[in-house]
Amino acid sequence: MTTTSQAAVAAAGSLTRGRTPRRSVLFFAFAFAVIADPVSSVAYAIEAALRALHGDLALLLPTMSLVVGLVVVVTANYWQLVRRFPKGGGAAAAAGRAFGPRWTFLPIGALVVDFVLTIGISIAAAASAVIALFPGLAPIRIPLALVLLLVVAGLTWFGHGGRLLFAVMTVAFVVISVAVLVLGFTAPHTSGHAATTADPGRSAMLAVVLAFPVAMALATGVEAPSTAIAQLGQLDDSHRRRFGRGTLALLVVIVGGLTLALTALAVRLHIGIPGTDSTQIADIAHAATGPGWLYGAFQLTSSLLLLAAASSSFQAGPGLLKALAGTVERPGVLPPVLGRTNRHHTPYWSVVVYLAAAALIIVAAAGQEQELVLFYAVAVFVSFLVGLVAMARFARRERKPALAWVNGLAAAAVAFTLVVNLLRGWPVLSLAATLLIAGGLYARWSRAGRPTGIEDVEARAETV
């Protein structure tokens, strides 16, 4: 979930008023800022799948291929959402208009939980990337993660402009990753010793089916373009659709390409489950490049990209609470204190809420991002499921049976992923938190007299 693009839009927006065509500059700034979150998921999703496979490298590429395939399916739904809601709104707008405003709160509750988990897992993964580069910091993993959390939270005080540099990290990470991949496939420094098959006696298909839902954290952030287009007030609906769909296409190409390429390289170089003080992509980069400057650059850009993802949620999450708190003209459903802002338009008390929640889960997970992956994939998939079901209903209303079937099958695939993750036990807490928040917001909305316009709260969160 990201609103990093607001800084990029502000910086590049003036360029669109020049004599030469500069919309491409605005699109570049917007798109690469928005996709920081899903690109950063590459840092832990592949390792999560390998752990679920108990280190079976032979099944890693089929598993991640299935994951990328499902990401494509989810992205196709948001492609439809962008067409229908060019002013932004995402799954909340779709649910509200398909089933009534009360259903808006389910995806909103999922987003609130997802923002907290995005911050927590991104900060923990950034700390892991730093520790992989400087192993001596391993004993202070939790304090290191909390310091990084405070730094990123502090940057939100300065609004969107304080995070413009983070958007550049998406491009830097992609460029460095390509260099690592080229070297790894052509002239690797070394290779690992992980066995290709950890358990040859079990069913490969069953293992893949049970493992791929864990890695569906890769899909987080897919919904960002459908809401972030609300920031593009200087463009008409047609161009906002193009920006949103172009960003979704770029997301699929970059995230899918990097994921499959890094997975294939891990299999080729026999890079298995990492040690306590490393990560799988760090081990892949080290095997491909050796301990030189390129490895250091890879770790540095990956950690900064993960901080960018956390920073995005530190804007999007409090922005959502601010929108829910309402304004003088439009009463909200949350206490007005959560909407108070500084001169940089940052809702500082909402930031404090997310800071406290993220710190709690980082400490509870001992600073280990892999402990949070399962919880992460649950909340966001609730939002995906609601959006898909809503789009299927729209298709039926408009007598488009083929599209209704496609959306229905996609909803079934998402529901299956959600159920498999919930059956692992503890991720039920993520669902419980989503339902609790959704129920609480619905109760407050009812007590407030059910103010209209709640379906557009995601779009307002991007522009307030």
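In which loop does His270 lie? In this predicted model, His270 is placed in the loop between α12 and α13, the latter spanning residues 280–289. The briefing below starts from that residue and from Arg399, and then turns to the salt bridges, the nonpolar core, the largest pocket and the cavities.

**Backbone angles in two loops**

- The phi angle of His270 is near 55 degrees, a positive value in a residue that is not glycine, and with a relative accessible area of 30% the residue counts as partly exposed.
- Arg399 likewise has a positive phi of about 55 degrees without being a glycine, and its place is in the loop between α16 (373–397) and α17 (401–422).
- The relative accessibility of Arg399 is 75%, so this residue is classed as exposed.
- As background to both entries, most residues other than glycine have a negative phi.

**Salt bridges**

- The structure contains five salt bridges, and the pairs described here include contacts along a helix as well as one that links distant parts of the chain.
- In helix α4 (residues 42–52), Arg51 and Glu47 join their side chains in a salt bridge with an N to O distance of 2.9 Å, and because they are four residues apart in that helix, about one helical turn separates them.
- The two partners in α4 fall into separate accessibility classes, since Arg51 is partly exposed at 34% relative accessibility, whereas Glu47 is buried at 4%.
- Asp237 and Lys87 meet through their side chains in a salt bridge of 3.0 Å, N to O, and this pair links distant parts of the chain, with Asp237 in helix α12 (residues 237–268) and Lys87, 150 residues apart from it, in the loop between α5 (60–84) and α6 (90–99).
- Of these two residues, Asp237 is partly exposed, with a relative accessible area of 24%, while Lys87 is exposed, with a relative accessible area of 52%.
- Asp237 also takes part in a salt bridge with Arg240, for which the N to O distance is 2.4 Å; because Arg240 and Asp237 are three residues apart in helix α12, they too are separated by about one helical turn.
- Arg240 is buried, with a relative accessible area of 7%.
- Elsewhere, Arg84, Glu398 and Lys400 are joined into one network by salt bridges that share partners.

**Nonpolar core**

- The largest nonpolar core is made up of 148 residues, and the members that touch the most others are Tyr44, Ile123, Leu218, Leu324, Phe381 and Phe384.
- Helix α7 provides the largest share of this core, with 18 residues.
- When neighbours within four places in sequence are left aside, Phe384 is in contact with Val74, Tyr78, Ala219, Val222, Glu223 and Val414.

**Largest pocket**

- The volume of the largest pocket is about 620 Å³, and among the 23 residues that line it, those closest to its centre are Val113, Val116, Ala357, Ile361 and Ala433.
- Two or more lining residues come from each of α7 (105–133), α14 (293–325), α15 (348–364) and α18 (428–447), and of the elements that contribute, α15 gives the most, with six residues.
- By residue class, the lining of the largest pocket consists of 21 nonpolar residues, one polar residue and one charged residue.

**Cavities**

- Rolling a probe the size of a water molecule over the atoms shows where empty space is left.
- The number of cavities of 30 Å³ or more comes to two, and the second largest cavity holds about 60 Å³ of space.
- The residues that line the second largest cavity are Ala43, Ala125, Ala129, Thr279, Ile281, Gln299, Ser302, Leu306 and Glu369.
- Helices α7 and α14 each supply at least two residues of this lining, and α14 gives the most to it, with three residues.
- The lining of the second largest cavity divides into five nonpolar residues, three polar residues and one charged residue.

Conventions:
Residues are numbered from 1 along each chain as its sequence is written. This is a predicted model: local features need pLDDT of at least 70, side-chain atom pairs count only at pLDDT 80 or more; totals for chains, interfaces and linings use all residues. Side-chain values use heavy atoms; hydrogens and water are left out. On a 1 Å grid over the protein atoms alone, a cavity is a set of points where a 1.4 Å probe fits but cannot get out, and a pocket is an open set with protein on both sides within 12 Å along at least five of seven lines; lining residues have an atom within 4 Å of a point. Grid points are joined across faces, edges and corners, and a volume is the space filled by probe spheres set on the points. Ala, Val, Leu, Ile, Met, Phe, Trp, Tyr, Cys and Pro count as nonpolar, Asp, Glu, Lys and Arg as charged, and the others, Gly among them, as polar. A nonpolar core is a set of buried Ala, Val, Leu, Ile, Met, Phe, Trp, Tyr and Cys residues joined through side-chain atoms within 4.5 Å. Buried means under 20% relative accessible area, exposed over 50%, partly exposed in between (1.4 Å probe, protein chains only). Contact means heavy atoms within 4.5 Å. A salt bridge is a side-chain nitrogen of Lys or Arg within 4 Å of a carboxyl oxygen of Asp or Glu.
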